[in-house]
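User: I would like to go through how some of the descriptive terms used for this model are justified. Could we take them one at a time?

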Amino acid sequence: MATLRERLADEVPLVAVSFGDDDAERDAAQVRDRRVDVAELRIDWYSSVEPDHVLDRVRRFRGLPTLATIRSKAEGGYWPGSEAERLRLFEAVLPEVDAVDVELSSEEILPGVVAAARRHDRLVVVSHHDFTGTPPAGRLAEITEGAVAAGADLVKISTMAHGPDDLLTLAGLLTRHSSLRLIIIGMGAEGAASRVFFPLLGSRITYSAIGGRPAPGQLPFDETVRQLETFSPRFAERRRG
Ligand SMILES: O=C1C[C@@](O)(C(=O)O)C[C@@H](O)[C@@H]1O
């Protein structure tokens, strides 16, 4: 199966699904059978973050396109340990996955995660989440530039959208930075359209749910695929192929 790097090369939007560790064997089979483009491994959701347990679960996805996330509590995640432990875990899983996602705000470990990704020739998503609202365009541009300067291969910005103005602000960010690989998400009920519309404007990955715990406004995987097949001929063609 194509790696995430290969999948990103053809410029067609990708649909991700996030997984914990309740049944990694079943989840990996779903990724294969339903042709999920990216398996986001939410290691901060795992029942244990002991390296042996994590590596065992992560390895069940071998050969599939994977993105490992160990989300900090500051950005809506559940990572229970110290920053030094988080960096060590990123270093341990990096050889096993295609890419990792680390927050721009995680200043203490960001350079270490980027350096480890470079050593293993893996991709880095540098992310920013705001579960309260959508900052103004100028602030979003600063965050984007900060992520690029930190070494991001992809910049992900996910903010709560409270209405059309927020969607427009986020869409503006996408269209103004079309030379970058961006992942832009408007969270919440008011942002849900962004999960289909923004990939049509160039957002590289959209996140969806298969059971589990959907993020605010996420659509089910099948629904996301169906919508993108309707509105993106290139996406539909890739699904057929
Ligand atoms: O950051 C993101 C985006 C997300 O928060 C969403 O709203 O789809 C879901 C998370 O799992 C992922 O890491």
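User: Which exposed residues does the face of helix 2 turned away from its buried side carry?

Analyst: In this predicted model, the face of helix 2 that is turned away from the buried side carries the exposed residues Glu25, Arg26 and Asp33. The buried residues of helix 2, which spans residues 24-33, are Asp27, Ala28 and Val31.

User: What puts those buried residues on the same side of helix 2?

Analyst: They cover an arc of only 100° around the axis, and therefore they sit on the same side of helix 2. An α-helix has 3.6 residues a turn, so residues three or four places apart point the same way. The buried residues of helix 2 pack against strand 1 (14-19) and strand 2 (38-42).

User: What is notable about the phi of Arg35, and where does Arg35 lie?

Analyst: Arg35 has a positive phi of about 55° although it is not a glycine, and it lies in the loop between helix 2 and strand 2. Most residues other than glycine have a negative phi.

User: Why does Arg35 count as partly exposed, and why does Asp121 count as exposed?

Analyst: A residue is exposed if 12 or fewer other C-beta atoms lie within 10 Å of its own, and buried if there are 20 or more, with partly exposed in between. Arg35 has 13 C-beta neighbours inside 10 Å, so it counts as partly exposed. Asp121 has 9 C-beta neighbours inside 10 Å, and it therefore counts as exposed. Asp121, in the loop between helix 5 and strand 5 (123-130), also has a positive phi, of about 60°, although it is not a glycine.

User: How do you know that Glu107 is exposed?

Analyst: Glu107 has 10 other C-beta atoms within 10 Å, and it is therefore exposed, since the cut-off is 12 or fewer. Its place is in the loop between strand 4 (99-103) and helix 5 (110-119).

User: Why are helix 9 and helix 10 called oblique to each other?

Analyst: Helix 9 (residues 221-231) and helix 10 (residues 233-240) pack at an angle of about 120°, with their axes 5 Å apart. Roughly perpendicular covers 65 to 115 degrees and roughly antiparallel begins over 145, so helix 9 and helix 10 are oblique to each other. The contact is made by Val225, Leu228 and Glu229 of helix 9 together with Phe235, Ala236 and Arg239 of helix 10; by class, it has 4 nonpolar, no polar and 2 charged residues.

Methods: Residues numbered from 1 in each chain as written. Predicted model: local features only at pLDDT ≥ 70, side-chain atom pairs only at ≥ 80, totals over all residues. Axes fitted to C-alpha atoms, helices over the stretch in contact; angles between N-to-C directions. Helix = DSSP H or I, 4+ residues; strand = E, 2+ residues; numbered from the N terminus. Parallel < 35°, antiparallel > 145°, perpendicular 65-115°, else oblique. Contact = placed C-beta atoms within 7 Å. Nonpolar A, V, L, I, M, F, W, Y, C, P; charged D, E, K, R; others polar. Arc of directions from axis to C-beta.
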